Amino acid sequence: MHGDSVPHFLGLLVIILASARIAGILSRLTGQPAVLGELLAGVILGPSLLNCMDPQHDVLKMMAQIGVVILLFQIGMETDLRKLVAVWGPALAVAVVGLLLPFSLGYGLCRAFGFDHSGSLATGAVLSVTGIGVTARILSDLGRLDDVESRIVLGAAVIDDMVGLTVLAVLGAAFSGEEVSVASVSILAVTAVGFLVGTLWLGARVVPSLIHRLSQLDLPGSAPILAVVLAFGLAWLAAAAGSAVIIGAFAAGLLLRRSQQASDIEAGLLPLGRFFVPIFFVMVGATVNLRLLNPVALENWTFLLTTALLFVVAVLGKLFAGYVPFWFPCRKAVIGWAMVPRGAVGLVFAQFGLEKGVLDERLFSAITLMVILTTMLAPPIMRLLLPPREKSPSSKRSGAGELVSEP
């Protein structure tokens, strides 16, 4: 049977989805968020151990990215924009320090190890981001999305990711031979921020009433389908505008949260999320190459040291940022640890740097492992800091917290 045949791919999906579900259940039984089990399932299925799946498989990578879009859309529907705006001050403070500190430390570390200027800048950009998909999923699993700390983290993560995307876009343009100036950098930054603000401002006046009118058609499932069209459409427009697909998907969720069809949309998207989202987390886990951790091989020593130091910088930079809003009454440790995972955003940034030639394969591998380690470290620690609690009725309707977290 040919490796790229439809039956072979269907069998691969059976293995991935079944393993993710079982691992998620076992993780919940041990008191940990389901996402941790899904990440470990990816490690086991990936090239490091069983080698059942290729993390570079084009179709699986596309399905994983669809999972991220759906997840961020559902997280947006669980997020009250007014409450998010209410904590803009602490969120901005956390974002600025959580971006500048890891960026500076990562750049200096890479330069000390002899990496070139562009590679060091790209590494700093990856260290500056926050994996909003992973963090939001953990908070949702724990029933804590409505906590004030969660709102600060979501706001800060959006800011960090937009700035990080701007840095990588500038690096990519420079490496492609394009002219980079203050004006071009400013345009990229204004475009990324302007897209989110403009989408929310215009969409709040158009989208809810449009969805309501179209859903009046005598066709079952109209509201969820229209919501998917909006989520995918804004994700596509965000990427075209120089921002990120996850920003567009998150904005779509924010717009539809207060619509009259919110319950129908959440219920309709639940099966779709349960299919696509686990694929994303399994794919993240599968990118881990345990063979590079073998200390017996001398050629791995520099790699291990680089990875270890990048990991320390990644963790400490975000933890420190969590304590910056000293004037605001909240649990600072929760904010810091929630900012630690780099998740899909970090992996996308690293892949972008590799494709543009900014990162060499060795530095790319170290960054990838750092991303995986930060992504896998946060769930159990956040579980200790935030005991799970019963979710609100609106959260129970939503798929974000139920995708694979409940047996």
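These legends go with several close-up views of a predicted model.

**View 1. The whole chain, an all-round look at a fold with 17 helices and zero strands.** Of the 407 residues here, 54% count as buried. Take the contacts between residues at least 6 apart in sequence, and 81% of them join residues at least 24 apart. The accessible surface adds up to about 17100 Å², with carbon and sulfur atoms holding 69% of that.

**View 2. Helix H5, from residue 88 to residue 112.** This helix has 25 residues, and at 1.5 Å a residue it should span 36 Å. Its end C-alpha atoms sit 36 Å apart, so the model agrees with that expectation. If you're looking for the buried residues of H5, they include Pro90, Pro102, Phe103, Leu109 and Cys110. Among them are also some small ones to pick out, namely Ala91, Ala93, Ala95, Gly98 and Gly106. Just after H5, have a look at Gly114, which takes a positive phi of about 90 degrees.

**View 3. A nonpolar patch on the surface, about 560 Å² of it.** Six side chains to find here are Leu81, Val85, Trp88, Leu92, Val96 and Leu100. Helix H4 (81-86) and H5 each put in at least two residues, but H5 gives the most, with four. Trp88 belongs to H5. Is Trp88 buried or exposed? With a relative accessible area of 58%, Trp88 lands over the 50% cut-off, so it counts as exposed.

**View 4. Leu254 and its partners from elsewhere in the chain.** Leu254 sits in helix H11, which runs over residues 245-256. Its relative accessibility is 10%, so Leu254 counts as buried. Which residues does Leu254 touch, leaving aside neighbours within four places in sequence? They are Gly76, Met77, Thr79, Leu81 and Leu200. Leu81 turns up in the nonpolar patch of View 3 too. Glu78 is also worth finding: its C-alpha atom is 7.9 Å from that of Leu254, although 176 residues separate the two along the chain.

**View 5. Two cysteines, Cys110 and Cys330, in a structure with zero disulfides.** Cys110 is one of the buried residues of H5. Its relative accessibility is 2%, and that's under the 20% cut-off, so Cys110 counts as buried. Cys330 comes in at 16%, which means that it counts as buried as well. If you're hunting for a disulfide anywhere in this model, the tally is zero.

Note on methods: Residues are numbered from 1 along each chain as its sequence is written. This is a predicted model: local features need pLDDT of at least 70, side-chain atom pairs count only at pLDDT 80 or more; totals for chains, interfaces and linings use all residues. Side-chain values use heavy atoms; hydrogens and water are left out. Buried means under 20% relative accessible area, exposed over 50%, partly exposed in between (1.4 Å probe, protein chains only). Contact means heavy atoms within 4.5 Å. Accessible areas come from the Shrake-Rupley method with a 1.4 Å probe; for residues, only the protein chains shown count as cover. A disulfide is a pair of cysteine sulfur atoms within 2.5 Å. The expected span of a helix is 1.5 Å times one less than its number of residues. Patches are made of residues with over 30% relative accessible area and no salt bridge: like charges are joined within 9 Å, nonpolar side chains (Val, Leu, Ile, Met, Phe, Trp, Tyr) within 5 Å. A salt bridge is a side-chain nitrogen of Lys or Arg within 4 Å of a carboxyl oxygen of Asp or Glu.
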